[in-house]
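The exercises below concern the interior of one protein model. Work through each task with the structure open, then read the solution.

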Amino acid sequence: MATVKERMVSFAKAAKGTKFSMILLAVFLLWAKTHLAYHTAFSSMKIDNQMQAFILLINPFSFLLVIFGFALFLKGGGRNLYLFLCDLLLTVFLYANIVFYRFFNDFITLPLLFQSNNFGDLDASILSEMKPADLLYFADLPLWAYIFIKKPAFSLARPFSKLDRRVYCLITAAVIFFNLGLAETERPELLTRTFDREMLVKLIGPYNYALYDIYLQSKTTALRVMADGSELSEIENYVRANKARPSDLFGAAKGKNVILISLESTQSFVIDNRVYGQEITPFLNDFIRESYYFDNFYHQTGQGKTSDAEFLIDNSLYPLGRGAVFFTHAGNEYRALPEILNEKGYFTAALHANNKSFWNRDIMYETLGYQRFYHMDDYEVTEENSVGWGLKDIPFFEQSVGHLKSMPQPFYAKLITLTNHHPFELDESDRLIEPYQSASKTLNQYFLTVRYEDEALKVFIEKLKEEGLYDNSVIIMYGDHYGISPNHNEAMGEYLGKEITPFENAQLQRVPLIIHIPGHKGKVISTVGGQIDLKPTILHLLGIETDDDIGFGQDLFSPERREFAVFRDGSVVTKDYLWTAGTCYDKESGEETEERYCAPFRERGAEELKYSDRIIYGDLLRFYAKDGKD
């Protein structure tokens, strides 16, 4: 820390004698902090070539020269106060992104600010990502204190002439256009077509990205006002052209209960895998053998994580690239799975032993048509039966069976687990396997909580059998999103025994999908699919037609279905190819191949994301309902 402060003072002295001393000092301080973040907290950002490395070096300047340039128009002590406040606020903004990135491997967007009532529940996760070394980002505070108290010569606010301001503005404009020009050269149509937030930050910097995000938010807000029903026709035509006829399993579960279980942060790599010879998921390994198991099923969530998975499954629409639909568009018109099942005589409920307002569920569930939401107030939650995010999974399932028994049948019940959630805390008494030993505490603890979740599922199934619900229920389990982010690729590579390349990272986005239908034998199905496909799959199993439904999923059992899954960042997986991080891969070999093989699927994925975004931003289904077509 002393070395950094000495460098800051040295820079200040070097600038002494110029009118721009303090402005240049403020720019340098934020530039240094930003690059410290680039090379530590954001180090998992892939630098593909020397051009990207150079752009990363210069991209903070275009914003910092502008924001600190306003000091040219201030006089006296107000100038230095302005510089300090900007430095402090931008440091807080940068640090917030650092902590957020460590947890979500993503950057903060404006819609996330609408989710502020989630932050209280995120305390443990946020604190676990704060490191003592992070104080380095605030190491310039003593220097600012020295400036305000001692008022050294270089800090004195001398007046700027019109020529000074013109020269500064010309230099700033040149830097801005130089940065944007290089960025556009490196990634053509960067600001109009990219789905990759990381690429945007890499090429224009976190501060300019924040401004761009504000622009996007204002643009999307206007879309609903400007929307009309005619926009839906093109989307309807696309959806109709891509329908897949039901399989022979159409109606195989007609009249049966549906129990849908969200497996928090559960990825497929833990299935049928071991830690030091100990099975991670012994119960699921057995349960899969008497169920349909989809081993090429991918999560497709964005910043909304678990809520995005819920949105995908209930609506067969993609989540947004920024923020969570549960917050930003809870007032939209939807044609969701619970609403459809209500009309077919089902009782629909969601069960989650958490704060009812987390992810805005109390509002969104009503919008989607759930008749009942069993939340924290409906469970007996004590200090003894809780850990991490709340009620442990075993008591959650035990108490939930009582709620299921009280429901009129047939019912559709969605249960959301909690224990296997970052930072993966677990009481010593609940540990059922020995912990893994690696440099990643997160990965080490993850295996423990997955094993506990597996035991909780075993308890739940046994309870369902005891209460006579098992034989009359379709039981569906799915992983909602990743648990181990790319920030832990080194430890993951050690565990899996291979380097985690962008191809392998995309493959790690596979999550379990298990569909148990009473009387049906187990079978592994390797068709490529994603969470968006569950809505039509469930409806077809129940014997409900989806010809008039507006959604982008296809029945996972259908012989006509496409082998296709698109991620929210634009990555696409097919039977033979995988497109991610600007590269096309051959699925069988995992090696890079010619882009032309991925181009048709990449374009199709971009088209579906665009159509889905238009439905949500424009609230287009309100026109569909008004026409009476549904």
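**Exercise 1.** How many cavities of 30 Å³ or more does the count come to?

Solution. The model is a predicted one. The count gives six cavities of 30 Å³ or more. The largest cavity holds about 90 Å³ of space, and the second largest has a volume of about 60 Å³.

**Exercise 2.** Find the residues that line the largest cavity, and sort them by class.

Solution. Step one is the list: Lys-243, Ala-244, Ser-316, Lys-535, Pro-536, His-540, Thr-546, Asp-549, Gly-551, Gly-553, Gln-554 and Asp-555. Step two is the sorting, which gives two nonpolar, six polar and four charged residues. Glycine is counted as polar here.

**Exercise 3.** Do the same for the second largest cavity.

Solution. The lining consists of Tyr-238, Val-239, Asn-242, Lys-243, Gly-551, Phe-552, Gly-553, Gln-554, Arg-562 and Glu-608. By class, this lining has three nonpolar, four polar and three charged residues.

**Exercise 4.** Place Phe-552 in the largest nonpolar core and list its contacts, leaving aside neighbours within four places in sequence.

Solution. The largest nonpolar core has 73 residues, and Phe-552 is among the five members that touch the most others, together with Phe-294, Ile-476, Leu-513 and Ile-515. Helix 21, residues 599-617, gives the most to this core, with five residues. A second core, separate from this one, has 56 residues and includes Ile-259, Leu-284, Phe-397 and Ala-413.

For the contacts of Phe-552, go along the chain. Ile-235, Tyr-238 and Val-239 are among them, then Ser-316, Leu-317 and Tyr-318. The rest of the list is Ile-532, Arg-562, Glu-608, Tyr-611, Ser-612 and Ile-615.

**Exercise 5.** Is Ser-612 buried or exposed?

Solution. Ser-612 is found in helix 21. The cut-off for buried is under 20% relative accessible area. Ser-612 has a relative accessible area of 0%, so Ser-612 is buried. Beyond four places in sequence, Ser-612 touches Leu-317, Tyr-318 and Phe-552.

**Exercise 6.** How many residues of helix 12 are buried, and what follows the helix?

Solution. Helix 12 covers residues 305-315, and 11 of its 11 residues are buried. Among the buried residues are Lys-305, Asp-308, Glu-310 and Asp-314, as well as Phe-311, Leu-312 and Ile-313. Ser-316 follows helix 12 and has a positive phi, near 55°. Ser-316 also appears in the lining of the largest cavity and in the contact list of Phe-552.

How values were computed
Residues numbered from 1 in each chain as written. Predicted model: local features only at pLDDT ≥ 70, side-chain atom pairs only at ≥ 80, totals over all residues. Heavy atoms only, no water. Core = buried A, V, L, I, M, F, W, Y, C linked by side-chain atoms within 4.5 Å. Buried < 20%, exposed > 50% of the residue type's maximum accessible area, 1.4 Å probe, protein only. Helix = DSSP H or I, 4+ residues; strand = E, 2+ residues; numbered from the N terminus. Contact = heavy atoms within 4.5 Å. 1 Å grid on protein atoms, 1.4 Å probe; cavity = no way out; pocket = protein on both sides within 12 Å on 5 of 7 lines; lining within 4 Å. Points joined across faces, edges and corners; volume = space filled by probe spheres on them.
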